[in-house]
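Student: I've got a model open and some time before my gel finishes. Can we walk through it?
Tutor: Sure, ask away.

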Amino acid sequence: MSALAPAIHSSGSTMTVSRLHASAFAPASIGNIGVGFDLLGHTLEGPGDHAEVARIDEPVVRIVEITGDVEGASSLPLEAERNTAGRALMELRERHGIAHGFEVRLRKGIALGSGLGGSAASCVAVLVAANAVIDTPLSREELYPLALIGEAVASGSIHGDNVAPMLFGGVVLATPTRAIRLSAPDLFCAAVHPHFVLETRLARAALSAPYAIGEFVKQSEHLALFLTGLARGDRALIAEGLADVLVEPRRAALIPGFVEVKTAALAHGALGASISGAGPTVFGWFDDRAQATAATQAMQDAFAQAGFASDALVSPINGPRAEVVA
């Protein structure tokens, strides 16, 4: 069957026509949100990854091209089992008994090793696109475990703090078994990405030593305050809770200028500031867009003092979800 013609399926007197091609976009994200290591994340307006998926007769997942303006995009593996997007589609076929295959083209728009969810975005974009060409589309809840498997190719572990907000939008609580979109006030995020790569596996290795029980209790206190603040729309509780005492102290040294960048964000009114995902992007939450925009310049100046140019973006914390775009 030609990939240019629709697939026609008959069930009794009912006939359905499946799309054979779809494109989807998945936005960047802030992983962890400081106090929610591997549990919390939210999306950002602006950068993201595109995936084009064609339905093919051959029962394989084939990645034919990876492009994009971000450095290193062309070096990403085309082998499906070694690529987050490819592995997610393999899992889709295996779990749901899909006989046909997929041909994939990826266009990267999120810098590699930035802490903005680049590997997750490719995975989610390709699942959302593929979901538009299969005979029986799945719910976002059913796509979530597939995304977890795909993302684990890059991170080496199962965690949904990036893929979950990309699938559902906004601020999301992600566990290995469920993703829950959380109510959140209309705050804004300033995210500044310095021009260097911090590999996720290296950042996770910094956390390998045991933690004292007191540190765990303090982090739990902050997480409880933060979640309660979100639920109540209480900015004071959010600010009191948005302070990471577990992960940030061990990763701060991996990001030149981090202390100064965080200080700049707080000095410009941030409710809190920390490392996005594995880093090196640093983010802050602010009451309004103007405040967040003003803070980005000071944060970029601090990175410049450490010897690094940077990119900045400002977005509502209740950001978009991945969607089919063509």
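Student: Where does Pro280 sit?
Tutor: Pro280 is in the loop between β10 and β11. Keep in mind that this is a predicted model.

Student: And what kind of peptide bond joins Gly279 and Pro280?
Tutor: A cis one. Omega for the bond between Gly279 and Pro280 is about 10 degrees.

Student: OK, so how do β10 and β11 pair?
Tutor: In the antiparallel sense, over four bridges. β11 covers residues 282-286.

Student: Which residue is the bridge partner of Ile275?
Tutor: Val282, in β11.

Student: What packs on the sheet there?
Tutor: Helix α9, residues 258-267. Helix α9 touches both β10 and β11. Its direction makes about 155 degrees with that of β10.

Student: Zoom out. What's the strand order in that open sheet?
Tutor: β10-β11-β9-β12, four strands with antiparallel pairing. β10 and β12 are the edge strands, each pairing on one side only. On average, neighbouring strands are turned by 20 degrees against each other, direction ignored.

Student: Switching to holes. How many cavities of 30 Å³ or more are there?
Tutor: One. The largest cavity holds about 40 Å³ of space.

Student: What lines the largest cavity?
Tutor: Asn32, Gly34, Asp244, Val247, Glu248, Arg251, Ser274, Ile275 and Gly277. You met Ile275 a moment ago, as the bridge partner of Val282. α8 (248-251) and β10 (272-275) each supply at least two of the lining residues. By class, the lining divides into two nonpolar, four polar and three charged.

Student: Tell me about Asn32. What's its phi?
Tutor: Near 75 degrees, a positive value in a residue other than glycine. Asn32 lies in the loop between β3 (21-31) and β4 (40-56).

Student: Now the pockets. What volume does the largest pocket have?
Tutor: About 780 Å³. There are 37 residues lining the largest pocket, and the closest to its centre are Gly113, Ser119, Ala154, Ser155 and Thr200. The elements giving two or more residues to that lining are β6 (101-108), α2 (118-131), α3 and α5 (200-205).

Student: And the classes in that lining?
Tutor: The largest pocket is lined by 13 nonpolar, 15 polar and nine charged residues.

Student: How about the second largest pocket? What lies nearest its centre?
Tutor: Ala111, Leu112, Ser114, His193 and Asp311, out of 22 lining residues. The space in the second largest pocket is about 440 Å³. β9 (188-194) and β12 (310-316) are the elements that give two or more residues to its lining. Its lining residues divide into 13 nonpolar, seven polar and two charged.

Student: You mentioned α3 earlier. At what angle do α1 and α3 pack?
Tutor: About 145 degrees, with their axes 8 Å apart. Helix α1 is residues 84-96 and helix α3 is residues 140-155.

Student: Is the crossing of α1 and α3 left-handed or right-handed?
Tutor: Right-handed.

Student: Which residues make the contact?
Tutor: From α1, Thr84, Arg87, Ala88, Glu91, Leu92, Arg95 and His96. From α3, Pro145, Leu146, Ile149, Gly150, Glu151, Val153 and Ala154. That contact has seven nonpolar, three polar and four charged residues. Ala154 is also among the residues closest to the centre of the largest pocket.

Student: Great, back to my gel.

Key
Residues are numbered from 1 along each chain as its sequence is written. This is a predicted model: local features need pLDDT of at least 70, side-chain atom pairs count only at pLDDT 80 or more; totals for chains, interfaces and linings use all residues. Side-chain values use heavy atoms; hydrogens and water are left out. Axes are lines fitted to C-alpha atoms, for helices over the stretch in contact, and angles run from 0 to 180 degrees between N-to-C directions. A crossing is left-handed if the near helix is turned anticlockwise from the far one by less than a right angle, and right-handed if clockwise. Contact means heavy atoms within 4.5 Å. Ala, Val, Leu, Ile, Met, Phe, Trp, Tyr, Cys and Pro count as nonpolar, Asp, Glu, Lys and Arg as charged, and the others, Gly among them, as polar. On a 1 Å grid over the protein atoms alone, a cavity is a set of points where a 1.4 Å probe fits but cannot get out, and a pocket is an open set with protein on both sides within 12 Å along at least five of seven lines; lining residues have an atom within 4 Å of a point. Grid points are joined across faces, edges and corners, and a volume is the space filled by probe spheres set on the points. Two strands pair if DSSP finds at least two bridges between them.
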